[in-house]
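Colleague: I'm new to this structure and I'd like a close look at a single part. Could you pick out one sheet, take me through it slowly, and then show me how the rest fits around that picture?

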Amino acid sequence: MSAGDDQHRAAGDQLLRKLATFGRILREAGVDVAPHRLQDALAALAAVDVTSREECYWALRCTLTSRLEHGEVFDAAFAAFWERRAPDIALLERAPATRPGTEPATPDAAEGRHPQLADEEGDDDGESMQGMAWSAVERLRTLNFAEYTEEELHRSRLLVERLARTLPMRRSRRLRSAHDGDRIDKRRTLRGAMRTEGYPIVRLYRRRRLVPRKLLFMIDISGSMEPYARAMLMFLQAAVRPGAKVEAFTFGTRLTRVTRELARHEPDQALRAATRVVPDWAGGTRIGEAVKALNDHWEWRGATRGAVVVVVSDGWERGEVELLSDEMARLHRAAHTVVWVNPLAGEPGYEPLAQGMAAALPHVDHFLPGHDLRSLEELAGVLESLSDDRIARMRAPAVGTSSRSA
Amino acid sequence: MTGAPAAGPGPAQLSVEDVTTQLREQAYLADRGLATVIAVSLSLGKPLLLEGEAGVGKTECAKVLAKALDTRLIRLQCYEGIDVAHALYDWNYARQMLYIRTLEAADAAAPDAVDDVFGRAFLVRRPLLDAIDRDDPTAPVLLIDEIDRADDEFEAFLLELLSDFQVTIPEIGTLQARRRPIVVLTSNRTRDLHDALKRRCIYHWIGYPELARELEIVRARVPDAPERLAAEAAAFVAGLRGTDLSKAPGIAETLDWVQALLSLGEHELDEALVDATLGTVLKYHEDIERIRGRGLGDLVAHSRREAAALASRT
């Protein structure tokens, strides 16, 4: 009889060990399985009919994953580990960092690609654009962190910090106490009234709190944009942090969300993750489709609504120009402000000749160059100025950025 | 879970089978996945986090669960700016003022008047306090709806509450849940929830059902609808989901639509009817235009074929 118990316990131990291994496989595949989740998984298995594959599958899935995107990886791991089916290696290699609904990542990434691939974008009037792009690229090259002079490095750090600090603000619905507030703080007023025999003589106030406005970056990483994209991602890294409400996307032929990678301070990985899922680098940029993907999948989730959207691209559209125009209009309707940063715009005598750029411009509130450090400073300045008007006015004298305040 | 209150382990252990049947009795058809996840959540006494597109029945799931378990549903709808005074408790200030005035008039300023003023009689109970401080015979279902709309601070506060189900009101003391409520959180994923909160929950993503199941849902929810109408409408909506839309219609839209068509006294779909009622299904002007541009006649014909194929299979 005690032998039976032992047997039972041994079976339990074995199951726990198996679960632990399974958890490790999931972790290696990029699913964040906290240790105590294994306990939950074990308890969950006890709550279901273990002879049913489906019930076991769901019991493990609901305890070990907490993100829809991990479903695919989980399926592959489940099949491989518990059913000994040949795993889909590509899936297990790394959890897809994409938004829901994107096709699984293609592992054959164009890792060794080079900005020169941009040459294949050669249209007739592409030549002149190319020429301009190249000189700008060369200039930005010197911005590579390794090649910064001491002074530039210092300047860029300050800039990164400024960018991160001066996110546009808006007034929240949440109230905080403030002596210059505009609503009575009933709780604290009444409490104070106790001291004055119940007469609320001293009135205390609350006002709406300031919170960062949503900020969404869309960065073109197609061949010709690559050096700028790298620099932009570096800057973004400082801005993306918990509570900052910053979202970052990259696009070439497809939109990829990279907020998580950036939050983990892995800008290179973010770039790699983004490029991994772009099947055809040489295919050029489909800005319209990327903006459409953003509108379709993120608008109703509120990512773009009331947000400041910053598009970083040379506007070199390979897809339909009408689509880009329609989708930019839609984006503009949902967003608070649309800023377009174009590295080529820094060129003397630049005109938005690229058809895509011309189509997008009517739906852009601020059009800025983005080819060097100074232009990024300008971007930070624009973002700063986008706070709610009243806030901007409140802030202007203190910060001294506005000429009015002088 | 350590140092858990004297609360019972929740309702008696339910098998997946039981959950499915009991929900079905309330006209809610849960698939095997959802039923399993609910059973696990009940058994482990952990909050259930349901995510999914709008209109797939996340909120409904909690409501129906309360009915099936024959217990009270307490609902907290989250929104931007929600805080403790909205979610947990507040003081009835007007009443407090009145009480103080009365005391004064009666010239009866007793030393413990202050205690009175901050006593339970002046407490406004909000949903979370209601879920904790209550003497129900069964544990209530606490639905925390659209948690993604609340801000980070509120999420952190909730995290604390969900871990030990006790709250401290400085003026009154610490209140501890006698029965741990069954917690269901829903999220539309307008933003990522904190990992710490997710880790505390049993997680499930509710997707769109297959056509056959959706038809079953329509039958259960709109029992008066003619079979053919229900099947064609369900097939039409399923077809829409496959296309390129800003906002794909959920099950809620299918049900609304069938209800609308029923009230018009229709028995089958036709192009003119769809054209007139498309706004029940699609809520974006661009989507409606896009689908119209694709030719409603073809789509109707296609959904008829689908419905017929489904009927012949069963």
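Modeller: Here is a walk through one sheet of chain A, followed by a helix pair, the contact between the chains and a few spots in chain B.

Keep in mind that this is a predicted model. The sheet to look at is an open one in chain A, built from six strands in the order S6-S5-S4-S7-S8-S9, with mixed pairing. Its edges are strand S6 (255-257) and strand S9 (366-369) of chain A, each of which pairs on one side only. Ignoring direction, neighbouring strands in this sheet are turned by 20° against each other on average.

Let's zoom in on strand S8 of chain A, residues 337-342. Is S8(A) buried or exposed? Six of its six residues are buried, so S8(A) is largely enclosed by the rest of the structure. The cut-off behind that word is 20 or more other C-beta atoms within 10 Å of a residue's own. You can check both faces of S8(A) yourself: Thr337(A), Val339(A) and Val341(A) sit on one side, Val338(A), Trp340(A) and Asn342(A) on the other, and all are buried.

Now for the partners of S8(A). On one hand there's strand S7 (residues 308-312) of chain A, which runs parallel to S8(A) and is joined to it by five bridges. If you want a spot to find that pairing, Val308(A) stands opposite Thr337(A). On the other hand there's S9(A), which also pairs with S8(A) in the parallel sense, over four bridges. Here, look for Val341(A), whose bridge partner in S9(A) is Leu368(A).

Over towards the S6 edge, a helix comes into view. Helix H12 (residues 287-298) of chain A lies across strand S4 (215-220), strand S5 (246-251) and S6 of chain A. Relative to S6(A), H12(A) runs at about 50°.

Elsewhere in chain A there's a helix pair worth a stop. Helix H2 (residues 35-47) and helix H3 (residues 53-64) of chain A pack at an angle of about 155°, and their axes are 9 Å apart. That angle makes H2(A) roughly antiparallel to H3(A), because angles over 145 degrees count that way. The crossing of H2(A) past H3(A) is right-handed. From H2(A), the residues that meet the other helix are Arg37(A), Asp40(A), Ala41(A), Ala44(A), Leu45(A) and Ala47(A). Facing them from H3(A) are Cys56(A), Ala59(A), Leu60(A), Thr63(A) and Leu64(A). By type, the residues of this contact come out as eight nonpolar, one polar and two charged.

Next, how the two chains touch. The contact takes 34 residues from chain A and 38 from chain B. On the chain B side, helix H2 (32-44), helix H5 (93-105), helix H9 (195-199) and strand S9 (202-206) each supply at least two residues. H2(B) gives the largest share there, with eight residues. Sorted by type, that side of chain B has 14 nonpolar, eleven polar and 13 charged residues.

So what does chain B look like as a whole? There are 15 helices and nine strands in chain B, and buried residues make up 40% of its 314 residues. Take contacts in chain B between residues at least 6 apart in sequence: 79% of them join residues at least 24 apart.

S9(B), one of the elements on the side touching chain A, deserves its own look. Five of its five residues are buried, so S9(B) is largely enclosed by the rest of the structure. Ile202(B), His204(B) and Ile206(B) point one way from S9(B), while Tyr203(B) and Trp205(B) point the other way. Strand S1 (residues 48-52) of chain B pairs with S9(B) in the parallel sense over five bridges, and Gly52(B) stands opposite Ile206(B).

To finish, two backbone oddities in chain B. Asp70(B) isn't a glycine, yet it has a positive phi of about 55°. You'll find Asp70(B) in the loop between helix H3 (58-68) and strand S2 (73-77) of chain B, where it is exposed, with 10 other C-beta atoms within 10 Å. Glu146(B), not a glycine either, also has a positive phi of about 55°. Glu146(B) lies in the loop between strand S5 (141-145) and helix H8 (152-164) of chain B, and it counts as partly exposed, with 18 C-beta neighbours inside 10 Å.

How values were computed: Residues are numbered from 1 along each chain as its sequence is written. Chains are lettered from A and ligands numbered from 1 in the order in which they are written. This is a predicted model: local features need pLDDT of at least 70, side-chain atom pairs count only at pLDDT 80 or more; totals for chains, interfaces and linings use all residues. A residue is buried if 20 or more other C-beta atoms lie within 10 Å of its own, exposed if 12 or fewer, and partly exposed in between; C-beta atoms are placed from the backbone. Two residues are in contact if their C-beta atoms, placed from the backbone, lie within 7 Å. Two strands pair if DSSP finds at least two bridges between them. Axes are lines fitted to C-alpha atoms, for helices over the stretch in contact, and angles run from 0 to 180 degrees between N-to-C directions. Angles under 35 degrees count as roughly parallel, over 145 as roughly antiparallel, 65 to 115 as roughly perpendicular and the rest as oblique. A crossing is left-handed if the near helix is turned anticlockwise from the far one by less than a right angle, and right-handed if clockwise. Ala, Val, Leu, Ile, Met, Phe, Trp, Tyr, Cys and Pro count as nonpolar, Asp, Glu, Lys and Arg as charged, and the others, Gly among them, as polar.
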